[in-house]
Amino acid sequence: MFSFHVFEHQLARGFQNRFSTQYRCYSVSMLAGPNDRRLNITYPMLFKLTNKNSDRMTHCGVLEFVADEGICYLPHWMMQNLLLEEGGLVQVESVNLMVATYSKFQPQSPDFLDITNPKAVLENALRNFACLTTGDVIAINYNEKIYELRVMETKPDKAVSIIECDMNVDFDAPLGYKEPERRPNHQDEPTEEETDPSSYADMDTGFRAFTGSGNRLDGKTKGIEPSPAPIAPSDIKRGIPNYDFKIGRITFIRNSRPQPKKIVDDDDAMNRFIAFSGQGQSLRKKGRKP
């Protein structure tokens with residue numbers, strides 16, 4: 001008996017907040033037919049929201065049926081798309097949307113480009129969405145920062161379902177983004193001042209080989225030549241730039257100059273050296289008998 005009373009006490013404590021209400025009871029024959037009970041709703045359940053005062057509309061899914069009767073709760077960014085204030089009236093209709101195949105977004109701030117992989121971040125955030133509507137501005141949360149993106153285009157329709165779909169995602173340039181200016185790589189032609197040798201008077205000649213002075217072991221200074229004098233500006237010759245230079249191509253220019261041709265006279269041509277053209281001499285004298 002003691003254990004029975006303990007069990008009864010615990011059972012009573014567990015059901016203090018139990019559900020209790022009253023219903024009117026009818027027989028099964030009074031039940032309405034299946035055509036009268038049907039709401040023509042397909043799954044997943046998608047809805048069209050319309051603000052008749054501003055003629056704005058969007059689409060959404062349902063998260064839970066926990067709101068009080070006659071009340072619905074929407075994200076703040078969705079209420080901004082509909083131009084709704086707190087407590088405003090919205091028309092809710094069930095719809096069937098086509099599955100998305102393509103969508104294009106425009107970030108509303110250049111800060112979205114600071115994300116290392118924006119496409120992966122967006123695809124991960126879209127898992128919390130049921131559908132997309134062209135013209136809406138959605139908000140995603142990443143690294144404790146809210147990023148807004150405008151839906152520029154959706155295919156195959158202006159409103160599509162993105163639940164369990166294979167969708168290609170593309171981006172437009174962010175709002176207010178400016179491309180960096182590119183500087184031209186061409187060089188200006190040299191002016192007369194640059195070609196003037198006197199402009200090289202203050203030029204640092206840099207390293208010059210064999211310009212030091214020598215020292216003798218006996219301490220004498222005889223035969224020791226002083227260091228050469230610095231190069232005069234008039235001795236500096238500026239090279240001619242190669243205006244046909246192309247990136248990735250190396251051209252070797254040699255400074256050898258062709259020797260001028262000498263004019264050869266006829267007499268000089270006769271006195272030219274000819275190999276094996278000499279005359280031999282004999283030790284015997286001709287006309288003498290031994």
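Reader: In what order do the three strands of the open sheet stand?
Author: This is a predicted model. Its three-strand sheet is open, and the pairing is mixed. The strand order is β4-β9-β6.

Reader: Which strands stand at the edges of this sheet, and why is one side of each left without a neighbour?
Author: Each edge strand has a single partner strand, so one of its sides has no neighbour in the sheet. The two edge strands are β4 (98-99) and β6.

Reader: In what sense do β4 and β9 pair, parallel or antiparallel?
Author: Strand β9 covers residues 159-161 and pairs with β4 over two bridges. Within this part of the sheet, V99 stands opposite S161 in β9. The sense of the β4 and β9 pairing is parallel.

Reader: What is the volume of the largest pocket?
Author: The pocket has 44 lining residues. Closest to its centre are C60, G61, C72, Y73 and L74. Its volume is about 1,300 Å³.

Reader: Which element gives the largest share of the lining of the largest pocket?
Author: Several elements supply at least two residues each, namely β1 (46-51), β2 (56-61), α3 (76-82), β6 (131-133) and β7 (137-142). The largest share is four residues, and it comes from β2.

Reader: Which domains each give at least three residues to the lining of the largest pocket?
Author: By class, the lining has eight polar and six charged residues, beside 30 nonpolar ones. The domains that each contribute at least three lining residues are domain 1 (20-94) and domain 2 (102-171).

Key:
Residues numbered from 1 in each chain as written. Predicted model: local features only at pLDDT ≥ 70, side-chain atom pairs only at ≥ 80, totals over all residues. Heavy atoms only, no water. 1 Å grid on protein atoms, 1.4 Å probe; cavity = no way out; pocket = protein on both sides within 12 Å on 5 of 7 lines; lining within 4 Å. Points joined across faces, edges and corners; volume = space filled by probe spheres on them. Nonpolar A, V, L, I, M, F, W, Y, C, P; charged D, E, K, R; others polar. Domains from an automatic or database assignment. Pairing = 2+ DSSP bridges.
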